Amino acid sequence: MKEILLNPQLWSATLAMATPLALPALGGTFSERSGVVNIAMEGIMLIAAFFAVLFAHLTGSAWLGLLGAIVVGMIVAVIFAWAAVTLTADQVILGMAINIFASGFTAYLLNTIFGFSGTPTDTPMLPNINIPVIKNIPFIGQILSGNSVIVYLMIILIFASNYFLFHTNLGLRIRAVGENPEAAETAGINVIKLRYLGVALSGLFSAIGGAYLSIGLLNSFSTDMSSGRGYIALAAMIFGKWTPFGSFGAALLFGFATALSMQLQNSAMSKNIIMMLPYILTVLALVGVGGKSVSPAADGVPYTPKK
Amino acid sequence: MSALLEVNNITKMFPKVRANDGVNLVVEEGEIHAILGENGAGKSTLMNIIYGLYRPDSGELKFNGEVLNLSGPHEAIEKGIGMVHQHFMLIPVLTVAENIVLGAEPGGISYNKKKANELIREISRNYHLEIDPDAKVKDLSVGLQQRVEILKAFYRHAKLLILDEPTAMLTPQETEELFGIMRNLKNQGISIIFISHKLDEVKEISDKVTVMRRGKTVGTLNTKETNEQELANLMVGREVVLRLEKSEYNPGDVVLSVKDLTVSDEQNIEKVKNVSFDIRSGEIFGLAGIDGNGQTELIEALMGLRPIKSGVIKYNNNNIEKLPTRERYKLGISYIPQDRQQEGLIMKFSVADNLILKEYKNSQYSKNGVIQYKRVFENASKKVEEFDIRPTDYNLLAGNLSGGNQQKIILAREVGSNPKLLIAVQPTRGMDVGAIEYIHKRLLQLRDEGSAILLVSLELEEIMSLSDRIGVIHNGVIMDILDGKSATREKIGLLMAGSQIEAKKVEV
Ligand SMILES: Nc1ncnc2c1ncn2[C@@H]1O[C@H](COP(=O)(O)OP(=O)(O)OP(=O)(O)O)[C@@H](O)[C@H]1O
Ligand SMILES: [Mg+2]
């Protein structure tokens with residue numbers, strides 16, 4: 001066991017596995033802070049993962065693949081916002097509908113565009129990045145350097161999001177809208193606009209997370225490859241008390257469990273037990289172990305302005 | 001003086017209701033202008049129009065001589081109109097400063113906490129409204145929360161301040177404090193529109209009174225040249241009896257008996273300590289006390305909404321402290337809760353459905369588990385007429401009725417079922433004088449028919465005019481139980497403040 005814990009691979013895998021959870025968790029934080037429960041992040045990730053491969057393959061550039069994934073992901077998010085915010089549809093049912101659609105839609109596109117053999121093997125990947133100086137530090141260097149560019153982007157986004165949400169005027173307004181939209185409106189704030197912004201940001205972050213799965217970790221797409229990460233991200237967000245740093249911490253914890261189960265492939269200990277860990281943690285997070293987290297007061301409640 | 005606000009011929013229709021019907025109003029600079037009117041007369045609607053939350057169907061608003069065409073509150077705010085709503089518009093988890101500057105934060109992209117706090121301290125000083133900008137709003141008392149609302153208006157340089165029933169939630173002490181603030185503002189040239197159902201408050205604080213009835217303004221009077229009786233009559237459109245006729249006190253058997261009851265709150269702090277009292281049939285027992293002295297915990301324990309720590313609750317000689325709430329209802333206990341929006345009503349249900357919330361299971365209203373709507377509607381139209389709930393359409397959602405009419409639904413349900421024991425917490429909060437007159441009559445009638453009534457109210461006036469005996473609670477302890485006839489304001493006041501010894505002296 002000690003051997004495994006001292007293996008830098010375990011820790012860089014933790015980072016790698018935490019990234020596709022931290023990104024949508026961050027997105028969910030924005031969406032729910034503005035008062036919209038966005039379960040559709042799971043579907044958005046999946047769709048983005050597919051289009052990342054498609055655009056990367058068509059253009060020959062992984063960067064353009066990422067960009068395409070973001071555009072498509074945000075379009076889906078805005079459609080979701082239109083139904084949830086403008087038409088005040090039930091957010092959970094709507095999110096489920098999008099997820100089921102995404103699963104079928106991407107499977108269909110995969111078969112019609114790429115056929116039986118799956119996505120082409122020459123699809124370009126997003127680069128890994130070596131950090132000078134740090135890369136030469138033993139142990140630490142192997143963990144912190146040489147990761148996918150998205151991992152570093154994620155870390156920057158965590159800090160930026162924290163600043164945005166808690167230290168800017170716009171962040172204050174987003175939080176106000178998610179707590180008491182009526183009060184925000186009487187203070188002269190446009191509730192609908194800010195909820196669109198919250199959902200759009202969740203689309204953006206989920207899309208980056210989705211693209212990371214298909215052209216960051218790999219260079220291929222397979223059906224249902226998001227495999228519930230959009231949901232686990234929501235648990236991470238709750239575990240992290242709807243804060244960027246908290247979400248990141250929870251994502252790291254879940255990522256560690258996944259990485260550990262991968263390292264234990266060959267050991268005597270059952271890997272299946274470890275694989276259960278993230279899900280057990282999720283349940284514990286949801287029932288409030290580790291301090292009851294208090295959700296934004298108007299989370300998931302549609303708002304209709306007065307006339 | 002010149003007119004600051006002119007309202008000309010404003011009309012506003014809601015589905016099926018003409019809430020404002022040709023309303024006219026002039027508010028001068030630096031005056032406190034009271035608006036009086038029955039529940040549902042259209043006061044809140046008019047204020048929401050002035051504040052830009054509702055758009056009028058026709059008519060004109062003028063502010064400072066300029067015609068206003070408001071498309072939302074942000075424009076009203078910009079012109080210098082501020083409003084404190086009947087239900088507060090605050091965000092509990094944010095700080096005082098964040099609540100105040102929200103929507104008009106100082107500085108650029110980043111939230112400038114130092115600047116915000118500085119600005120708020122300055123306004124606090126100028127208007128004598130002391131407050132800690134870093135406190136969380138959820139930790140403040142109702143009176144201080146209201147102060148935050150008022151500061152919100154002045155942060156945006158309000159010249160006109162609208163206060164929609166600001167005293168309904170306040171203790172008498174807090175009301176006095178608010179009046180001090182209002183006088184101060186007036187001296188600084190601010191105009192205030194003040195809505196209240198309490199005639200004595202209107203008499204005390206306002207310069208002018210405009211009376212509304214059924215969506216229309218029926219007249220504006222100089223406060224000095226009128227009296228409470230005239231105002232009441234004008235409001236209701238008929239002679240109102242402000243003094244109550246009470247028949248002889250004729251108590252029967254003990255209905256509710258509480259012995260050595262101790263109850264704790266969520267933090268496990270004892271809020272009710274060893275309380276004992278009896279209530280007999282044919283008796284109104286008033287519980288007087290300053291808000292937050294254990295009344296809530298005591299009532300919730302009596303209703304089975306909160307576990308008790310020790311003690312006995314007997315109803316008709318049977319122990320009920322272990323019975324769930326529903327069983328207590330079945331025994332003939334009725335309950336008018338303090339918070340009508342959270343506990344008393346389901347805002348998204350119709351008036352008719354709200355009227356049978358407790359009895360829907362009875363054979364009267366359901367057959368084999370299917371609700372018999374014919375009976376439900378019969379009951380609704382009877383109660384709506386009896387309790388004068390307006391509008392009379394019982395298919396409206398409870399949430400679309402005016403504040404006072406929402407309260408009437410609860411009363412119709414709880415008083416109308418002829419309970420053997422009625423626990424009434426602030427039963428007439430937010431009601432107009434006509435409605436209060438009717439409710440008081442019904443409570444006395446219930447008593448004369450042999451019911452036992454526990455009346456909890458923050459208003460001494462109400463307690464003293466109705467109660468046969470008065471218990472005064474302070475810090476979870478019943479200080480004394482007084483005879484309703486001989487109790488004086490001063491004595492109750494002293495007991496409420498916790499000074500038993502001095503109260504005893506007054507007695508001598
Ligand atoms: N959003 C709404 N939809 C439908 N009807 C409404 C709505 N708001 C108010 N009304 C109706 O308009 C009328 C006027 O209501 P308003 O709230 O202005 O009365 P009010 O004078 O403030 O009464 P109260 O003293 O009880 O607060 C009432 O009949 C009410 O039922
Ligand atoms: Mg009102």
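A residue counts as buried under 20% relative accessible area, as exposed over 50%, and as partly exposed in between. The legends below use these words in that sense for a predicted model.

**Figure 1. The aromatic pair of Phe377(B) and Tyr394(B) in the predicted model is stacked.** A search of the whole structure finds 18 aromatic pairs over all chains, and for Phe377(B) and Tyr394(B) the ring centres lie 5.3 Å apart with the planes at 20°, so that this pair is classed as stacked. Phe377(B) belongs to helix α13 (residues 373-386) of chain B, whereas Tyr394(B) sits in the loop between α13 and α14 (403-415), and the pair therefore ties together parts that are 17 residues apart in sequence. Because its relative accessible area is 28%, Phe377(B) is partly exposed.

**Figure 2. A cis peptide bond joins Arg390(B) to Pro391(B).** The omega angle of the bond from Arg390(B) to Pro391(B) is near -5°, and Pro391(B) is found in the loop between α13 and α14 of chain B. Tyr394(B), the loop partner in the stacked pair of the preceding view, is likewise placed between α13 and α14. As background to this view, most peptide bonds are trans.

**Figure 3. Asn274(B) and Asn316(B) have positive phi values although neither is a glycine.** In general, most residues other than glycine have a negative phi. For Asn274(B), which is found in strand β12 (residues 270-280) of chain B, phi is near 50°, and a relative accessibility of 53% means that Asn274(B) counts as exposed. For Asn316(B), phi is about 50°, but the setting is the loop between β14 (310-315) and β15 (318-319) of chain B, and the relative accessible area of 37% makes Asn316(B) partly exposed.

**Figure 4. The surroundings of Lys420(B), in the loop between α14 and β19 (421-425) of chain B, include Asn316(B).** Leaving aside neighbours within four places in sequence, Lys420(B) is in contact with Val255(B), Tyr315(B), Asn316(B), Leu331(B), Gly332(B), Ser451(B) and Ala452(B). One of these partners, Asn316(B), is the residue with the positive phi of about 50° shown in the preceding view. The C-alpha atom of Lys420(B) is separated by 9.5 Å from that of Glu449(B), a residue 29 positions away along the chain.

**Figure 5. His33(B) is a buried residue of chain B.** His33(B) has its place in strand β3 (residues 32-37), and its relative accessibility of 0% is the reason that it counts as buried. When neighbours within four places in sequence are left aside, the contacts of His33(B) are with Leu25(B), Val26(B) and Val27(B), with Ile192(B), Ile193(B) and Phe194(B), with Lys208(B), Val209(B) and Thr210(B), and with Thr220(B).

**Figure 6. Seven phenylalanine residues of chain A form one aromatic cluster.** The members of the cluster are Phe50(A), Phe51(A), Phe55(A), Phe101(A), Phe105(A), Phe114(A) and Phe221(A). The chain that carries them has 13 helices and 2 strands, and its radius of gyration of 20 Å is close to the 19 Å that the globule rule gives for 307 residues, so chain A is as compact as a globular protein of that length. Buried residues make up 55% of the 307 residues in chain A, and among its contacts between residues at least 6 apart in sequence, 76% join residues at least 24 apart. The accessible surface of chain A comes to about 12,900 Å², with 70% belonging to carbon and sulfur atoms. Chain A also has 13 positive and 10 negative side chains, and the centres of these two sets lie 8 Å apart.

**Figure 7. Chain B as a whole gives the setting for the views of Figures 1 to 5, with 18 helices and 22 strands.** The C-alpha atoms of chain B fill a box of roughly 70 × 55 × 50 Å along the principal axes, and the radius of gyration of 24 Å agrees with the value near 23 Å that a compact globule of 508 residues would have. Of the 508 residues in chain B, 54% are buried, and residues 24 or more positions apart account for 66% of the contacts with a separation of 6 or more. The accessible surface of chain B comes to about 22,100 Å², of which 48% belongs to carbon and sulfur atoms. The mean positions of the 64 positive and 70 negative charges of chain B are 4 Å apart.

Key: Residues numbered from 1 in each chain as written. Chains lettered and ligands numbered in written order. Predicted model: local features only at pLDDT ≥ 70, side-chain atom pairs only at ≥ 80, totals over all residues. Heavy atoms only, no water. Helix = DSSP H or I, 4+ residues; strand = E, 2+ residues; numbered from the N terminus. Rg over C-alpha atoms; globule rule 2.2 N^0.38 Å. Buried < 20%, exposed > 50% of the residue type's maximum accessible area, 1.4 Å probe, protein only. Contact = heavy atoms within 4.5 Å. Areas by Shrake-Rupley, 256 points an atom, 1.4 Å probe, with all protein chains shown as cover. Lys, Arg positive; Asp, Glu negative; His and termini not counted. Charge placed at Lys NZ, Arg CZ, Asp CG, Glu CD. Phe/Tyr/Trp six-rings, centres within 6.5 Å; stacked < 30°, edge-to-face > 60°.
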